[in-house]
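Thanks for asking me to look this one over. My notes are below as numbered points, so you can follow along with the model open.

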Amino acid sequence: MRLNLSTKLIIGCSIPLIVALGISFYFIAHRQERLIMGQVENEARAIFKQIVITRKWIADHGGIFVEELPWIKPNPYIKDSEIRDVQGKRYIRETPAMVTKELSKYAKDKGLYWFHITSLKLTNPENAPDEFERNALQQFEKTTPKEIISIENIDNSKYLRYISPLYVEDACLNCHARQGYKVGDVRGAISVTIPMDKTFAEIAENRNSMLIAAVLTVLTLMTAMFFMMKKIVLTPMKRLKSAINEFSEGTYSPSKRLKTGDEFEDLCSAFSQMAGTLTDYHSCLNNKIKDATKGLEETNRKLIETNRLLNEANIRKSDFIARASHELRTPLTSIKGAIDYISAKLSSYLQYHHEETALDDLHIFFEVIKKNSERLIRMVNTMLDIERIEMGTSELRFADVNLSYLIAEALTYFQINADEKGIYFNTNIPNNITVRIDEDRIKQVLINLLSNAIKFAPEESEILVFAYPEKDHAVVEIWDKGPGIPPSEHERVFEKFYKNGNKEGTGLGLAICKSIIEAHDGIIGVNSDGKNGSCFYFKLPYTKGHHESFSQEGFNRTEQHKLLEIAKKITTPC
């Protein structure tokens, strides 16, 4: 996905900005939350200290007398807890614990907070500790923590629980000496409970406010950055891009300049200078090219005309060779027929006359003439085939053919020639490789390659014949142990009339093989190091098919199987 510069810049700046603001606001919110919680904790400590001061003041004054009211009952654990004034009003003496309890109820009724005095050694069962207070008291006796603070859920509401120990002082011994306390012992503790729902609601509200502030800050900065980017960067850049496009189209005017007073103006000025220099250089170069190529068009026209004439000459040459070969074939065939007739007559005459005469030499010369006329006819036919194939005038009759059968047929054809030299064929040929080819032409290729292999293979040697499918091609390889072909001549052996030092033959066999294979859109080549024999191969477009899906002209399926089996038998070394 392609992004423009402004989008990249905004994304690139917004990500670190969001991360930085997020981290900053997180620490600020966390710090603010700790401050609020610290204020609540300090409030609990202040309440605790106020209660302790009040209790100490009451203890130092031996208690406090309050007017007897319906909800105030005398303490059964204190002697002489009631007095009367001169007017007959009854007053009840209250201990620090009693005052603490009544103040706690009063504060709780007002919805502010409440506190509770408790101990593990109870005088009043109403001061029994809850689970939080009991755990705290046990810790106070084992260790010496000054306070314990915890947040608890009570009736689906959150409360801050604060508790701190109370130590026995001299004033406390008046009432608690009989319990075995001494100065400095932990007498008990006072717990303070403060509702926290409003506090946590305030913390959540602060978080939301800071989140909204962060979002607004990011949006404001991104908006400002976008408009600044558009005004300061994008607009000058678009004008510079337009100038570059105009320069490429040849309509640029150096008088158009940016006046931004910054680097863009310097860049535009440098571009204008460069454009002027390039324009001058381009004009100078065009003049030099015109001077250097004044006669190039005429030379090019002459080359085109010469090439056309050469193509026409080549076509005429090929047509001449084809026509000449065709015209030569008829008289050559007639000459061969006459020579065959005369040779047959001479042979018949010599059979009846056994004396040696000059006719014997004449018969030998006629045999030489016959052999050379046959060679000349083969050469003419081969040249005619090559020219027709190269000119595209030779019609190939394509059909689905079993290449394995075709190879077996060619091997059978050459078996007698191989036996004369003691050569045996060693093959690895599948039962069926289906290719769409001209059967006669590919058979001609196989015959030429096998003929060369037998010709150059030493006596009592073997010729390897492989056939196999390879991706989209069927591959045929023919290996011999002859003298080989040097790598420098691998391409030349397929040229017309090239004989590779061999005086026999016409030098056209491999050339026509190359023409036939290329007409089938195939590949032909040779592998050899020039010392240890050679491998001629060709590749034909491969069509996967079933052995039963085709029939060869003149042979049914049973005959194909028989011929394949015969080929396998004759290619087995003795």
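1. Let's begin with a spot that is easy to find: where is the place of Asp155? Asp155 belongs to the loop between E5 and E6. Please keep in mind throughout that this is a predicted model. In that model, Asp155 has a positive phi of about 55° although it is not a glycine. The residue counts as exposed, because its relative accessibility is 72% and the exposed class begins over 50%.

2. A second residue deserves a similar look. Asp521 is also a residue other than glycine with a positive phi, here near 60°. You will find Asp521 in the loop between helix H12 (509-519) and strand E13 (523-527). Its relative accessible area is 62%, so Asp521 is exposed.

3. Now for the overall picture. The chain has 574 residues, and buried ones make up 33% of them. There are 13 helices and 14 strands. Of the contacts in the chain with a separation of 6 or more, 67% come from residues 24 or more positions apart. The chain exposes about 36400 Å², with carbon and sulfur atoms supplying 56% of that area.

4. How is the sheet that holds E5 and E6 ordered? Its four strands follow the order E4-E7-E6-E5, and the sheet is open, with antiparallel pairing. Strand E4 (114-118) and strand E5 (148-154) are the edge strands, each pairing on one side only. On average, neighbouring strands of this sheet are turned by 25° against each other, direction ignored.

5. Staying with this sheet, strand E6 (residues 157-167) and strand E7 (residues 186-195) run antiparallel and are joined by nine bridges. If you want a landmark on this pairing, Ser164 stands opposite Ile190 in E7. In a regular strand, side chains alternate between the two faces of the sheet. Helix H3 (residues 131-142) lies across E4, E5, E6 and E7, and runs at about 35° to E6.

6. Next, is strand E10 (residues 434-438) largely enclosed or open to the outside? Four of its five residues are buried, so E10 is largely enclosed by the rest of the structure. E10 runs antiparallel to strand E8 (residues 398-402), and five bridges join the two. Within this pairing, Ala399 has Ile437 in E10 as its bridge partner.

7. On to charged pairs. Side chains of opposite charge can pair when their charged atoms come close. The structure holds 13 salt bridges, and I picked out a few. One of them joins the side chains of Arg45 and Glu41, at 3.9 Å from N to O. Arg45 and Glu41 are four residues apart in helix H1, which means they are separated by about one helical turn. Arg45 is partly exposed at 21% relative accessibility, whereas Glu41 is buried with a relative accessible area of 14%. The cut-off for buried is under 20%, so Arg45, at 21%, falls into the partly exposed class.

8. Which parts of the chain does the pair of Asp440 and Arg397 tie together? The side chains of Asp440 and Arg397 meet in a salt bridge of 3.4 Å, N to O. Asp440 sits in helix H11 (residues 439-456) and Arg397 in the loop between helix H8 (358-391) and E8, so their pairing ties together parts 43 residues apart in sequence. Asp440 is partly exposed, with a relative accessible area of 46%, while Arg397 counts as exposed at 59% relative accessibility.

9. Lys539 and Glu470 form another salt bridge through their side chains, at 3.2 Å from N to O. Because Lys539 lies in strand E14 (residues 534-541) and Glu470 in strand E11 (residues 462-470), this pair ties together parts that are 69 residues apart in sequence. Lys539 is partly exposed at 22% relative accessibility, and Glu470 is partly exposed at 32%. Elsewhere, Asp130, Glu133, Glu152 and Arg161 are joined into one network by salt bridges that share partners.

10. Last, have a look at the surface. A nonpolar patch there is formed by Leu3, Ile11, Ile15, Val19, Ile23, Tyr26 and Phe27, with about 670 Å² of accessible area together. Val19 lies in helix H1 (residues 5-60) and is partly exposed, with a relative accessible area of 45%.

Note on methods
Residues are numbered from 1 along each chain as its sequence is written. This is a predicted model: local features need pLDDT of at least 70, side-chain atom pairs count only at pLDDT 80 or more; totals for chains, interfaces and linings use all residues. Side-chain values use heavy atoms; hydrogens and water are left out. Patches are made of residues with over 30% relative accessible area and no salt bridge: like charges are joined within 9 Å, nonpolar side chains (Val, Leu, Ile, Met, Phe, Trp, Tyr) within 5 Å. Accessible areas come from the Shrake-Rupley method with a 1.4 Å probe; for residues, only the protein chains shown count as cover. A salt bridge is a side-chain nitrogen of Lys or Arg within 4 Å of a carboxyl oxygen of Asp or Glu. Buried means under 20% relative accessible area, exposed over 50%, partly exposed in between (1.4 Å probe, protein chains only). Two strands pair if DSSP finds at least two bridges between them. Axes are lines fitted to C-alpha atoms, for helices over the stretch in contact, and angles run from 0 to 180 degrees between N-to-C directions. Contact means heavy atoms within 4.5 Å.
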